[in-house]
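Subject: Structure handover and findings

Dear colleague,

I am passing the structure on to you with this message, and what was found in it follows below. Please read the notes alongside the coordinates and the sequence.

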Amino acid sequence: MVWVRGEELEHLKYKQQMRKAAGLILLLTMIVLPFLSPVQQYLSIPTEWTTFQEQGISSVPAIKEIDEAEGSSLHALQSSDGITSSDEFFYNVAGFPLKKINVDYLDDFKVIPGGQSIGVKLHTKGVLVVGHHQVKTDSEQVSPGEKAGIQVGDILLKINGEELEEMADMAPIVKTAGEDDKDLKLTVKRGEEVFDTNLTPTYDVKDQKYRIGLYIRDSAAGIGTMTFYDPASKKYGALGHVISDMDTQKPIEIHDGTIVRSNVTSIQKGSEGVPGEKRAEFSAERNRIGEITKNSPFGIFGKLDDSITNGVNDQPLPIALSHEVKEGPAKILTVVKGEEVQEFDVEVVSTVPQKQPATKGMVVKITDPELLKETGGIVQGMSGSPIIQNGKLIGAVTHVFVNDPTSGYGVHIEWMLQEAGIDIYKDQAS
């Protein structure tokens, strides 16, 4: 009887050891499995993919690996003669279908890359309040504008019911109201809110003029880089980021604007903690190349008066959707001297496939020794420089990292086209 119990005990121990061994093998398998090439290949294949007809199924990640892998293939479940708007494919291994891929095709679309240095002149919608001014009276110092509840960043749209188009419109109206001892009725825009308020002009004993106690601005100017233009519609996109007022740091609401050719005269190199900048000259009255109709988080947009060239790549290029951009080598087009557009090496360090518009889609690093020597990396005025990868326009440089001037953010071209009013998805949506 004692001998039987010992045998059963040994058998139980053996079963426990086998369970532990099986569990350990299972655990190791679960750890190692994701690192196996066939599994990584399978996981890398999306179930949904959108691309352009010209690029076809070859643009889907891992397709090349599928074609080269022994025993695996990509099989079209349905496909017709000619060009279709969508297809379904199966990923097969040893003849067994494991994964279905739905591919939607967009009409082929190409734009001409920019790279030119441009001067930007904006006229605001109404006049922008950028500060309060203290008016000296016989007994005190006071800001009539601040007393009327007007804040920095507010936009003055109307004065006594008349639309304000420029600062010069205000002076004679303020003078007349002050002399007649009457209040001014101002229509003010603050964010999305529009309201009226009364302001009493006050006589400044120092300047001997009636004042409203506000610093205002009706225009802004700067330089940037052209990103693209569509030769069919003449629509263009530039800068890749919004233009904000330097005092209020708020986006400028534009009434109209102009872009002109600019000449880069010098460059202040960037260093850690100190962004560099291009210095350029331009005339807002001469060398006009187009109008500005929109100032958005993705750049400035409008129409060109005529075609422009960069002398480096003036042929239309296909574009890459955000999910088609890859980490790795790329090129940018920009100007570092005069008006000459040059091509420089960069690296796409990271990219985020985006289903919704977002401004920071890529991290880009300058790798070209010549550009690093000239600028130290990304500098102000380089915003909008087009990024080209594998013969496709993928986006634009937008911001520099303050602590690392060799690197910065980029925006995907997909969202700049959308802001320009170019709908590459029109057929798919219908």
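A salt bridge here means a side-chain nitrogen of Lys or Arg within 4 Å of a carboxyl oxygen of Asp or Glu. Please keep in mind throughout that this is a predicted model.

Salt bridges

By that criterion the whole structure holds eleven salt bridges. One of them joins the side chains of Lys-189 and Glu-253, with 3.0 Å from N to O. This pair links distant parts of the chain, since Lys-189 sits in strand S11 (residues 184–190) while Glu-253 belongs to the loop between strand S16 (235–238) and strand S17 (254–261), the two being 64 residues apart. Buried is taken as under 20% relative accessible area, and Lys-189, at 11% relative accessibility, therefore counts as buried. Glu-253, at 30% relative accessibility, counts as partly exposed.

A salt bridge is also formed by Asp-345 and Lys-331, whose closest N and O atoms are 2.5 Å apart. Because Asp-345 lies in strand S24 (residues 341–351) and Lys-331 in strand S23 (residues 328–335), the pair ties together parts that are 14 residues apart in sequence. Asp-345 is partly exposed at 30% relative accessibility, and Lys-331 is partly exposed as well, with a relative accessible area of 32%. Elsewhere, salt bridges that share partners connect Arg-217, Asp-245 and Asp-247 into one network.

Arg-211 and Asp-207 make a further salt bridge through their side chains, at 3.1 Å from N to O. Arg-211 counts as partly exposed, with 28% relative accessibility, and Asp-207 is likewise partly exposed, at 34%.

Pockets

The largest pocket has a volume of about 840 Å³. Its lining is made up of 30 residues, and those nearest the centre of the pocket are Ile-223, His-241, Ile-243, Ser-244 and Gln-380. The elements that contribute two or more residues to this lining are strand S6 (117–132), strand S15 (214–229), strand S19 (276–281), strand S26 (379–380) and strand S28 (392–401), with S15 providing the largest share, six residues. In terms of chemical character, the lining of the largest pocket divides into 15 nonpolar, ten polar and five charged residues.

The second largest pocket encloses about 420 Å³ of space. It is lined by 15 residues, of which Ala-171, Val-174, Tyr-210, Arg-211 and Ile-212 are the closest to its centre; Arg-211 is thus met again here, after its salt bridge with Asp-207. Helix H5 (170–179), strand S14 (209–211) and S15 each give at least two residues to this lining, and H5 gives the most, with four residues. The lining of the second largest pocket comprises nine nonpolar, two polar and four charged residues.

Barrel

Finally, six strands form a closed barrel in the order S23-S24-S25-S29-S28-S27, with antiparallel pairing. In this sheet, neighbouring strands are turned against each other by 45° on average, direction ignored. Strand S27 (residues 386–389) pairs with S28 in the antiparallel sense over four bridges, and Gln-389 has Lys-392 in S28 as its bridge partner. The barrel also brings back two elements named above, S23 and S24, which carry Lys-331 and Asp-345 respectively.

With best regards

Terms used. Residues numbered from 1 in each chain as written. Predicted model: local features only at pLDDT ≥ 70, side-chain atom pairs only at ≥ 80, totals over all residues. Heavy atoms only, no water. 1 Å grid on protein atoms, 1.4 Å probe; cavity = no way out; pocket = protein on both sides within 12 Å on 5 of 7 lines; lining within 4 Å. Points joined across faces, edges and corners; volume = space filled by probe spheres on them. Nonpolar A, V, L, I, M, F, W, Y, C, P; charged D, E, K, R; others polar. Buried < 20%, exposed > 50% of the residue type's maximum accessible area, 1.4 Å probe, protein only. Pairing = 2+ DSSP bridges. Axes fitted to C-alpha atoms, helices over the stretch in contact; angles between N-to-C directions.
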